[in-house]
Amino acid sequence: MELTKYNRRQRRHSRVRARVVGTATRPRLSIFKSNTRVVAQLIDDERSVTITAVSSSDEKGKTPRARAELAAQSIAKRAVEKGIKKVVFDRGGFLYAGTIKAFADAARAAGLEF
């Protein structure tokens, strides 16, 4: 049976989530990419709480990649305001390339460590 693109991503995501756990001191930076936007959340898995979230649809940029980079800067700024510098990166089963890589690089440049 041929797996769909969605099923392959779900399998990759479950492998990633088996290892990546967010805590209060080092929350999980979870990212989801759709055709139109990138959504990122800082999550404390011990308390099952979303600390902050951001969507690239709220940002003003010409390309999806530019909007993702602005969203990364925004979530990094919010995290630093809350005293969070270190996070664990959950790429959500997406390949670490293109928009996901651009988001991660922009978040690192804005002050997050992972």
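The following paragraphs lead through a predicted model, from its sheet to its helices, its nonpolar core and its aromatic pairs.

The sheet offers a convenient point of entry. Four strands, in the order β3-β2-β1-β4, make up an open sheet whose pairing is mixed. The edge positions belong to β3 and β4; each has a single partner strand, so one side of each is left without a neighbour in the sheet. From one strand to the next, the twist averages 20°. As a general matter, strands of a sheet pair through backbone hydrogen bonds, in either a parallel or an antiparallel sense. Both senses occur here, as the individual pairings show.

Consider β1 and β2. These strands run antiparallel and are joined by 6 bridges, and a hairpin connects β1 to β2 through 4 residues. One position in this ladder can be located through K33, whose bridge partner in β2 is V38. The next pairing, between β2 and β3, is likewise antiparallel, with 6 bridges. Within this pairing, Q41 has A53 of β3 as its bridge partner. On the other flank, β1 pairs with β4 in the parallel sense over 3 bridges. Here R28 stands opposite V88 of β4, and L29 stands opposite F89 of β4.

The turn between β2 and β3 merits a separate look. The two strands form a hairpin with 4 residues between them. S48 lies in this loop, which runs between β2 (38–44) and β3 (49–55). What is the sign of phi at S48, a residue other than glycine? The angle is positive, near 55°. The relative accessibility of S48 is 66%, and the residue therefore counts as exposed.

The helices can now be placed against the sheet. α2 lies across β1, β2 and β3, and runs at about 145° to β3. α3 also packs on the sheet, where it touches β1, β2 and β4; its direction makes about 145° with that of β1. The two helices meet each other as well: the axes of α2 and α3 come within 8 Å and cross at roughly 35°. The crossing in which α2 passes α3 is right-handed. On the α2 side, the contact is made by R65, A68, E69, A71, A72, Q73, I75 and A76, and on the α3 side by T99, A102, F103, A106 and A107.

Which residues have the most contacts inside the largest nonpolar core? They are L29, I75, F89, F103 and L112, in a core of 22 residues. At least two residues of this core come from each of β1, β2, α2 (64–81) and α3. α2 supplies the largest share, 6 residues. In soluble globular proteins, nonpolar side chains tend to be buried together. Among the core residues named above, I75 and F103 also take part in the contact between α2 and α3, whereas L29 and F89 stand opposite one another in the pairing of β1 with β4.

F89 serves as a useful link between the core and the aromatic residues. With neighbours within four places in sequence left aside, F89 is in contact with V20, L29, I31, Y96, I100, F103, A104 and F114. At a relative accessibility of 17%, F89 counts as buried because the limit for that class is 20%.

The aromatic residues complete the picture. In general, a pair of aromatic rings is described by the distance of the centres and the angle of the planes. The whole structure contains 3 aromatic pairs. In one of them, the ring centres of F32 and F94 are 5.9 Å apart and the planes stand at 70°, so the pair is edge-to-face. This pair links distant parts of the chain, 62 residues apart: F32 belongs to strand β1 (residues 28–33), and F94 to the loop between β4 (88–90) and α3 (99–109). F32 has a relative accessibility of 41% and counts as partly exposed, while F94, at 10%, counts as buried. Another pair consists of F89 and Y96, with centres 6.3 Å apart and planes at 85°, so this pair is also edge-to-face. Y96 counts as partly exposed at 34% relative accessibility. F89 and Y96 form one aromatic cluster together with F114.

Methods: Residues numbered from 1 in each chain as written. Predicted model: local features only at pLDDT ≥ 70, side-chain atom pairs only at ≥ 80, totals over all residues. Heavy atoms only, no water. Buried < 20%, exposed > 50% of the residue type's maximum accessible area, 1.4 Å probe, protein only. Pairing = 2+ DSSP bridges. Phe/Tyr/Trp six-rings, centres within 6.5 Å; stacked < 30°, edge-to-face > 60°. Core = buried A, V, L, I, M, F, W, Y, C linked by side-chain atoms within 4.5 Å. Contact = heavy atoms within 4.5 Å. Axes fitted to C-alpha atoms, helices over the stretch in contact; angles between N-to-C directions. Left-handed = near helix turned anticlockwise from the far one by under 90°.
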